[in-house]
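Visitor: I've just started learning to read protein models. Could you walk me through this one, piece by piece?

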Amino acid sequence: MEPRKLTDRVQWMGAVDWNRRLFDTLIPLPDGTSYNAYLIKGSEKTVLIDAVDPAMQSILLHQLKGVERIDYIVSQHTEQDHSGAIPVLLEKYPECTLLCSEKAKSLLIDHLLIDPARIKTVADEETLSLGDCNLKFYMTPWVHWPETMVTYLPEDKLLFSCDFLGSHIATTRLLAGNDPFVAEAAKRYFAEIMMPFRTFVKKNIEKIKTLDIAMVAPSHGPVYDQPDWIIRDYEDWVSDRYDNLVVLPYISMHGSTEVMADFLLTALVKRGIEVQKFELSTTDIGKLAMSLVSALTIVIGTPTVHVGPHPTVFSATHLANALKPKLKYAAIIGSYGWGTKAVEQISGLIPNLKVEVLGTTLCKGYPKEADFASLDALAETIAQKHREHFG
Ligand code: FEO
C-alpha cells in the first residue's frame, strides 16, 4: 500500500502481511498481521517511528521514495519485525540518527550489527523537538521485551505504542473504530504476547493513562481512534477479575479421555460453570491462550504415552506455563494402558502457574463407575471453589 495520512503531520507507512500464518514459528496468525511504521514531518525535523520486518523492507523503501531526508529513526523495540529494516534505512539516510532506549542499544548492535556511532539513547520522559511539534519518550519495559518504549506526540495527542496494545490483523482499514473483530484480535495478541508480563503491562497502562491520548498507533494492526476501549480491556485483562470458567484442553487416543472430558464438562455445566473444551490435536492455540486470560480453573486431560502425558498435551501445558495466566485452580484427568506418571510429569511442567491442584482422576482403560464418581466429585470440588470465589 501507499503511505496513508493519519494526521496533518503523521503518515502511516509499513507493510500488511496478508499471508503470514505463524509468528516466531509458533503463534498462529489466522488473520495475518501488519508492521506499521509512522513518518512524522515536523517543521524542522523528520522522524520515522519503527520500521518493518526485513522480508518486507522493499515496501517501506518504496513508500519512502520521495522522502529526501530522515533526521531520526525511533526504534521502540528491537524485535526484528519492527527493527529488521533499520540497517538498510540507515544506509539510505546517512545523516539519520537512530534513537532508542538505553537497554535497546546493545540489542540493536547484537541483533542487527548496527554501528554504535549511529545510535543515540533517550531517557524516560526525554523530549525531542521537531520544530513545531515534540516527541516525548516513555520507557515501558516488557511490552514486549525489556527495552521497549513508547513515543508520545502531544500536539496530535498521538501515542505510538509499538507491540503494546497491538493486534495481529492484515487489513486495509487504517482505523480500528470499535470493531469487535479488532477487539478479539487484540485479546488474542494480549494472551499470546503480553500475558506473561501482566505486572509490567499494568504499570505501563497506568503510565500511559496520565497522557491525553486521542489515538494509539501500534506497530501491529489498525490505529485505535477510540482508544478508551482497548485501554479498558487491558485494565480488565491484567486485573484480579475472573470469569466463572473452566478451560479444558485435552487429547484422547482411543476415546477414554474424551469420555471423561465430556462427563466432567456436563457435570460442571450442571453446576452453573462455563466450560471451554479444546481438543489439542486440532485446536488453534491462540484460542486456548485467549480462554486462559480470565479463567479461574484449568483441567488438563491426557492419555498416557510411554508413561508420561501425550506429547501434544506436554507441549500445550508447557506453553500455558510460559504464558503465566492468572488461573487459581487446576486439575488433571485422563487414562492409561498399564501404568502412568502423567500427573507427576504435568505437575512438574507448571511451576509458573500459582494454582491450587483440586484433584486428579486417572483411570486404567475405559472409565468405569468409580471413575465417573471421581469425576463428579472433582466437578463438585471445582464448583465449591467457584462458589466461594464468585459468591
Ligand atoms: Fe512485534 Fe515483539 O515484536
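## Around the chain and into its core

Guide: Happy to, and keep in mind that this is a predicted model. Let's begin with helix 4: helix 2 (80-83), helix 3 (86-92), strand 8 (97-101) and strand 9 (119-122) are among the parts that cover its buried residues.

Visitor: Which residues of helix 4 are buried?

Guide: Helix 4 takes in residues 102-112. A residue counts as buried under 20% relative accessible area. In helix 4 the ones that pass are A104, L108 and L112.

Visitor: Why are they on the same side of helix 4?

Guide: An α-helix has 3.6 residues a turn, so residues three or four places apart point the same way. The buried residues of helix 4 are A104, L108 and L112. They sit on the same side of helix 4 because the arc they cover around the axis is only 40°.

Visitor: And which residues are exposed on the other side of helix 4?

Guide: Here you want the opposite end of the scale, where exposed means over 50% relative accessible area. On the other side of helix 4, the exposed residues are E102, K103 and D110.

Visitor: Which residue follows helix 4, and what is its phi?

Guide: Step just past the end of helix 4 and you land on L113. Its phi is positive, near 55°.

Visitor: Let's move on to the open sheet. In what order do its strands come?

Guide: Five strands make up this open sheet, and their pairing is mixed. From one strand to the next, the twist averages 25°. Reading across, the order is 10-11-12-13-14.

Visitor: Which strands stand at the edges?

Guide: Look for strands with a single partner, so that one side has no neighbour in the sheet. That fits strand 10 (127-129) and strand 14 (215-218).

Visitor: How do strand 12 and strand 13 pair, parallel or antiparallel?

Guide: Strand 12 covers residues 149-153 and strand 13 covers residues 158-162. They form a hairpin with four residues between them, and K157 in the turn has a positive phi of about 50°. Three bridges link the two strands, and the sense is antiparallel.

Visitor: What stands opposite T151 in strand 13?

Guide: You can follow the pairing residue by residue. Y152 has L159 as its bridge partner in strand 13. Opposite T151, you find F160.

Visitor: Strand 13 has another neighbour, strand 14. How many bridges join them?

Guide: Strand 13 and strand 14 run parallel. One pair to look at is C162 in strand 13 with its bridge partner P218 in strand 14. The number of bridges joining the two strands is four.

Visitor: How many residues of strand 13 are buried?

Guide: In a regular strand the side chains alternate between the two faces of the sheet. In strand 13, L158, F160 and C162 are buried on one side, and L159 and S161 are buried on the other. Strand 13 is largely enclosed by the rest of the structure, because the buried count is five of the five.

Visitor: What about A176: is it buried or exposed?

Guide: A176 is in the loop between strand 13 and helix 5 (180-194). Setting aside neighbours within four places in sequence, A176 is in contact with V182, P222, V223, Y224 and D225. Its relative accessibility is 0%, so A176 counts as buried.

Visitor: And E192, what is its relative accessible area?

Guide: E192 is found in helix 5. Not counting residues up to four places away in sequence, E192 touches I27, P28, G286, A289 and L323. E192 is buried, as its relative accessible area is 11%.

Visitor: Where does G301 lie?

Guide: G301 has 0% relative accessibility, so it counts as buried. Leaving out neighbours within four places in sequence, G301 is in contact with P249, Y250, I251, T257, V313 and I333. The element that holds G301 is strand 17 (residues 295-305).

Visitor: Now zoom out. How much of the whole chain is buried?

Guide: The chain has 12 helices and 20 strands, and its C-alpha trace spans about 80 × 40 × 35 Å along the principal axes. The chain exposes about 15900 Å², with carbon and sulfur atoms supplying 53% of that. Of its 391 residues, the share that counts as buried is 56%.

Conventions:
Residues are numbered from 1 along each chain as its sequence is written. This is a predicted model: local features need pLDDT of at least 70, side-chain atom pairs count only at pLDDT 80 or more; totals for chains, interfaces and linings use all residues. Side-chain values use heavy atoms; hydrogens and water are left out. Buried means under 20% relative accessible area, exposed over 50%, partly exposed in between (1.4 Å probe, protein chains only). The arc is that of the directions from the helix axis to the C-beta atoms. Contact means heavy atoms within 4.5 Å. Two strands pair if DSSP finds at least two bridges between them. Axes are lines fitted to C-alpha atoms, for helices over the stretch in contact, and angles run from 0 to 180 degrees between N-to-C directions. Accessible areas come from the Shrake-Rupley method with a 1.4 Å probe; for residues, only the protein chains shown count as cover.
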